[in-house]
Amino acid sequence: MEKRDRTRARHTARSRSGRARRRRRDREGGPRPTDGETMSMTTKTDTQSPAPHIADSHDLIRVHGARENNLKDVSIEIPKRRLTVFTGVSGSGKSSLVFDTIAAESQRMINETYSTFVQGFMPTLARPEVDVLDGLTTAIIVDQQRMGSDPRSTVGTATDANAMLRILFSRLGQPHIGPPGAFAFNVPSVRASGAITVERGNTKAVKATFSRTGGMCPRCEGRGSVSDIDLTQLYDDSKSISEGAFTIPGWKSDNVWTVGLYAQSGFLDPDKPISRFTKKEMQAFLYGEPTKVKVNGVNLTYEGLIPKIQKSFLAKDREAMQPHIRAFVDRAVTFTSCPECDGTRLSEGARSSRIGGINIADACAMQISDLAAWVSGLTEPSVAPLLAALQHTLESFGEIGLGYLSLDRPSGTLSGGEAQRVKMIRHLGSSLTDVTYVFDEPTIGLHPHDIQRMNNLLLRLRDKGNTVLVVEHKPETIAIADHVVDLGPGAGTAGGSVCFEGTVEGLRTGGTITGRHFDDRAALKKAVRTSTGTLPIRGATAHNLRDVDVDIPLGVLVAVTGVAGSGKSSLMHGSLVGSPEAADAGVVAIDQAAIRGSRRSNPATYTGLLEPIRKAFAKVNGVKPGLFSANSEGACPQCNGAGVIFTDLGMMAGVSTTCEECDGKRFQASVLDHRLGGRDISEVLAMSVAEAEEFFGAGEARTPAAHRVLGRLADVGLGYLSLGQPLTTLSGGERQRLKLATHMAEKGGVYVLDEPTTRSAPRRCRASARPARPARRLR
């Protein structure tokens, strides 16, 4: 008690002395300092400038001896808390340096901070090929990988905007139907009843009921569409199962997992034509419940044909399917809007609750810019913080040029540039500072009108004290950089070196390829070709199109332009491609979807080039073509044709070493004894496209089929690639051009190219505008 009194007395005396000083200052006419001024006065008592703190000396990210992919012992120093742009032609090594070296090592070191148990559930990352990496900070990667194409993934679920909307409707919606889960199309309604045992005092069974209200439409299960399977595409009902009635790809009579399962399940007569099945047999055949059966001594699960097809084919990403499987799905399955929820994915209860006449389905279907205006008009003090957070998220879409989207837009339909910007939404209001943001061409797919918005975002992240690393080709974004690293001078083996490092003005005068083309601007053509006809589009209404009529000229280069979201892709892919007129004109569509490939895939296998090469080797040497495939009979038995042996170290990062048996050549020694034009198959796959084009163009090795494929690869600027280079080592621009070269082999009169200059440097953009060979002139 005495101690408390003494403390109170000291505080009172200090307060009195402070008041006395202020009264004396007022009598003398001096200004009365504010609290901030008082604080500043106390901090200025030390007249000597403090020495720099040792922590402030770590202001650089140092990279020494980077050799990842095509990098040639690269050493650079990147300033922290600055905007650094990495430039160079496609394939020069930008991604190898930024993503595969700096960002990869940052993520690997962060993963190592977790316990060994947790690391067992995380992907194992190998240390990049680099001597020294110093000064790294936590890296947040915002790449262009397309977002998951799960049918229940939308723009709203990917950005948490849907979660906030669900809370809002659960608080303000009338009539009130339940908690936020009642408005979620991923949450089904559940009801249960039964007896439970409560172990409390006298243990006894108690009757209980349980229910949970979800927002999922029970008909389409939250997908918004229902599938209708054409049974005539699954089987020929005039035949029996034993006679080969199934017409499904891969369902052969000797396959015990498919045809054998139905023939020997005991539920069906395998020798009776399907058209003569009884009603009970047809029910078991098409919709039978999963049941354990034994076939040839093996325990298998029998289920009806319809659910089996849905699990085997419809649950997979269509773009990841093999071409013949994709063609089967397109032929056998039709998707229509769910008649019960009208495509909204939501149950009737969720659609009945409204705020000011708007239900949550209407809100999600609005254009985000309109939704933001609607939310700003809501004034409810009880949910004010929620409204402010939701308003900020919705306005962020507009800041980066995505205000035209809607929250119910499936995430799988977003382009690479749109997906990248949607991922950026969560970082706009982040409180994190002093981290490294890594962007992969953030302005991709943006109209010049919208590029400035993206630039402002990058500068905002930098001004918060973050390090921003950007791989970019657009001059408008390069111009705002604090630091520029130009890689090259060429691509592939001709690149991987630092050509310039410094300021933007230094880049302009540096004499590099990027510097010389930095101020390039497109010029108008003095003469244009005359069209040979038109391809009409009438009443186009796909997505945001409003009954558009247009005639596409044929025989000329046509550019469809407009700001992002204006309807360009909807007009071309939604209205033109797939129409009867397009089929008659021979339209070939080439979109921006990324090509997929494993470590065993390479340009030779992806383009079909390896097939004529294998046949040429087999013909000259009198052996089977399968010997010259590293994935078939000719594979090295030690590494199974991979060229490397991968050792999984469990909790630690895996290690890959060159196979000692084949020395990384992937083939058996006996296969390498067979030659074509003096070269074995491993030497041919080690050739560049340009070298192989000359090799297969004349002499003993002359192979017209291979030469045509190589010519297309050279036309799109991939002459430097090795035929056997794994697809996993190719950059995004190289993959896109590889895909373009492959589609050029398709016979068509009209080619629809979706931003073919995406991921290309200005020099390659100019080159792509003029055909390298008149015989392959694009229309």
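**Group meeting: a walk through the predicted model**

Okay, let's start at one residue: Arg212, which sits in strand E7, residues 204-212. Before I go on, keep in mind that this is a predicted model. Is Arg212 buried, partly exposed or exposed? With a relative accessible area of 39%, Arg212 is partly exposed. If we leave aside the neighbours within four places in sequence, Arg212 is in contact with Val187, Pro188, Ser189 and Val190. Take Val187 from that list: Arg212 and Val187 are 25 residues apart in sequence, and their C-alpha atoms are 9.1 Å apart in space.

Let me zoom out for a second. The protein chain has 779 residues, and 42% of them are buried. On secondary structure, the chain comes to 28 helices and 23 strands. And if you take the contacts with a separation of 6 or more, 65% of them are between residues 24 or more positions apart.

Now to the sheet I'd like you to look at. This one is an open sheet of 3 strands, and the order is E2-E1-E4, with antiparallel pairing. As a reminder, strands of a sheet pair through backbone hydrogen bonds, either parallel or antiparallel. Which strands are at the edges? Those are E2, residues 74-79, and E4, residues 132-134, and each of them pairs on one side only. On average, neighbouring strands here are turned by 5° against each other, if you ignore direction.

Look at E1, residues 60-66, next to E4: the two run antiparallel and 3 bridges join them. If you want a pair to click on, try His64, whose bridge partner in E4 is Val132. Then there's a helix on this sheet. Helix H3, residues 94-111, packs on it and touches E1, E2 and E4. The direction of H3 makes about 115° with that of E1.

While we're here, two loop residues. Asn70 is in the loop between E1 and E2. Loop or not, Asn70 is buried, because its relative accessible area is 16% and the cut-off for buried is under 20%. What does Asn70 touch, not counting residues up to four places away in sequence? The list is Gly91, Ser92, Gly93, Ser96, Gly492, Gly495 and Gly496.

The other loop residue is Thr137, between E4 and strand E5, which covers 139-142. Thr137 is buried too, with a relative accessible area of 16%. Again not counting residues up to four places away, Thr137 touches Lys80, Ser106, Asp434, Val435 and Thr436.

Right, on to helices. Two packed helices are described by the angle between their axes and the distance between the axes. I've got three pairs, and H14, residues 384-399, is in two of them.

Pair one is H6, residues 161-172, with H14. Their axes come within 10 Å and cross at roughly 150°. So H6 is roughly antiparallel to H14, since an angle over 145 degrees counts that way. The crossing is left-handed. From H6, the contact uses Ala161, Met164, Leu165, Ile167 and Leu168; from H14, Leu386, Leu387, Ala389, Leu390 and Thr393. By class, that contact has 9 nonpolar residues, 1 polar and no charged.

Pair two is H13, residues 368-376, against H14, with axes that come within 9 Å and cross at roughly 155°. That makes H13 roughly antiparallel to H14. H13 also passes H14 in a left-handed crossing. On the H13 side you have Ile368, Leu371, Ala372, Val375 and Ser376, and on the H14 side Leu387, Leu390, Gln391, Leu394 and Phe397. The split for this contact is 8 nonpolar, 2 polar and no charged. Notice that Leu387 and Leu390 of H14 are in the contact with H6 and in the contact with H13.

Last pair: H8, residues 279-287, and H9, residues 305-314. How far apart are their axes, and at what angle do the helices pack? The axes are 4 Å apart and the angle is about 10°. That makes H8 roughly parallel to H9. Phe285, Leu286 and Tyr287 of H8 meet Leu305, Ile306 and Pro307 of H9. By class, the residues of this contact are 6 nonpolar, no polar and no charged.

That's my tour.

Terms used
Residues numbered from 1 in each chain as written. Predicted model: local features only at pLDDT ≥ 70, side-chain atom pairs only at ≥ 80, totals over all residues. Heavy atoms only, no water. Axes fitted to C-alpha atoms, helices over the stretch in contact; angles between N-to-C directions. Parallel < 35°, antiparallel > 145°, perpendicular 65-115°, else oblique. Left-handed = near helix turned anticlockwise from the far one by under 90°. Contact = heavy atoms within 4.5 Å. Nonpolar A, V, L, I, M, F, W, Y, C, P; charged D, E, K, R; others polar. Pairing = 2+ DSSP bridges. Buried < 20%, exposed > 50% of the residue type's maximum accessible area, 1.4 Å probe, protein only.
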